[in-house]
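Me: Please take a close look at a single part of this structure, the charged pairs among its side chains. I should also like to see how the rest of the fold is arranged around them.

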Amino acid sequence: MENAAPCDSEAPSEGVARGVLYPGRQVEAVVTGRHAPSGEAARFVELYWHVRWRVDEPQDSKVLSYPSVHLVFEEPEPLVYGVVRDLFVRRLEGEGQVLGVKFRPGCFRPFLDGPVSALADRVVPAAEIFGPEVAEAGRDVLAHRETADLAVPAERFLLDRLPEPDPVADEVAGMVDRLIARPDLFRVDQAAGVLGVSTRTLQRLFAEYVGVSPKWVMRRARLHEAATRADAGDAVDWAALAADLGYFDQAHLVRDFTATVGVPPARYARSA
């Protein structure tokens, strides 16, 4: 499948996943699903996500990425996507599908020989990490149509190749979860205080295990919250939201949102 890329999202609902911008434009053309990992895989994998589409004209799907690495079973070969620090754009053409494995933040590190930061903003053939057998696994995965059916061979492939558990990876995953749940945190020293570690330790752990900085994770959490409020369809008090998210003022929120999404939040809300 040409020009495929991961749907980096938190949780699909009503056909379109959270994290996908302009969700109303996707409902008719795109079907998404997710499947929970089981057994030992759940220590490393957050979820399996599935995107299937059929479009008459090419269209771009824009995504605010999460701090996760993805293994994506797609044509012509499975790929590994590092964390995308800017706005992710996926072009959909014709008809196709992909199945993605969204790893828990920090929990792809045990599969690698080095820091996850080396994968940031990169896409690499999955065979470089998982070996040539991943190509056959990809064919098995994409031979199915329903999300749960696609997930079965994907998980079977992973279970045969799981590394030894890394307690630090589990700890870092918990740190990321806590930061995402606190979009009001604005400074790295604030985050370090909440997590009970030094600023330097926090930065080192995130470079090694997550692939992006704690500052990026906190900023992205704020942008996700702003986009989610806008997508809800209700009137948003942007000044109040800016204060809730720790911005200096509404103008600060507008600049931050516009720099990533490309339009001010109020304009985005009108067209979402």
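Reply: Arg-43 is a suitable starting point: with a relative accessibility of 32%, this residue counts as partly exposed, a class that lies between buried (under 20% relative accessible area) and exposed (over 50%), using a 1.4 Å probe and protein chains only. The model is predicted, so local features need pLDDT of at least 70 and side-chain atom pairs count only at pLDDT 80 or more, while totals for chains, interfaces and linings use all residues. Residues are numbered from 1 along each chain as its sequence is written, and side-chain values use heavy atoms, with hydrogens and water left out.

The side chain of Arg-43 meets that of Asp-170 in a salt bridge, at 2.5 Å from N to O. The two residues come from distant parts of the chain, 127 residues apart: Asp-170 belongs to helix α4 (residues 167–180), and Arg-43 to the loop between β3 (30–35) and β4. Here a salt bridge is a side-chain nitrogen of Lys or Arg within 4 Å of a carboxyl oxygen of Asp or Glu. Helices (H or I, at least four residues) and strands (E, at least two) are DSSP runs, numbered from the N terminus. Arg-104 joins Arg-43 and Asp-170 in a network of salt bridges. The general background is that side chains of opposite charge can pair when their charged atoms come close.

By this rule, the count of salt bridges is ten. One of them joins Arg-91 and Asp-60, at 2.8 Å from N to O. This pair also links distant parts of the chain, since Arg-91 is in strand β8 (residues 88–92) and Asp-60 in strand β5 (residues 59–63), 31 residues apart. Arg-91 is partly exposed at 37% relative accessibility, and Asp-60 is partly exposed at 36%.

Another salt bridge is formed by Asp-121 and Arg-85, at 2.6 Å from N to O. Asp-121 lies in the loop between β9 and β10 (123–125) and Arg-85 in the loop between β7 (79–81) and β8, so the pair ties together parts that are 36 residues apart in sequence. Asp-121 is partly exposed, with a relative accessible area of 39%, and the value for Arg-85 is likewise 39%, partly exposed.

The surroundings of these pairs include nonpolar cores. A nonpolar core is a set of buried Ala, Val, Leu, Ile, Met, Phe, Trp, Tyr and Cys residues joined through side-chain atoms within 4.5 Å. The largest has 28 residues, and Phe-103 and Phe-130 have the most contacts inside it. Two or more residues of this core come from each of β4 (45–54), β6 (70–73), β9 (95–103), α2 (133–142) and α3 (147–159). The largest share, five residues, is that of α3. A second, separate core has 22 residues, including Val-210, Val-212, Val-217 and Met-218.

Phe-103 deserves a closer view. Leaving aside neighbours within four places in sequence, Phe-103 is in contact (heavy atoms within 4.5 Å) with residues including Phe-44, Val-45, Glu-46, Phe-130 and Leu-158.

A last residue to locate is Glu-146, in the loop between α2 and α3. Glu-146 is partly exposed, with a relative accessible area of 47%. Glu-146 and Pro-165 are 19 residues apart in sequence, and their C-alpha atoms are 30 Å apart in space.
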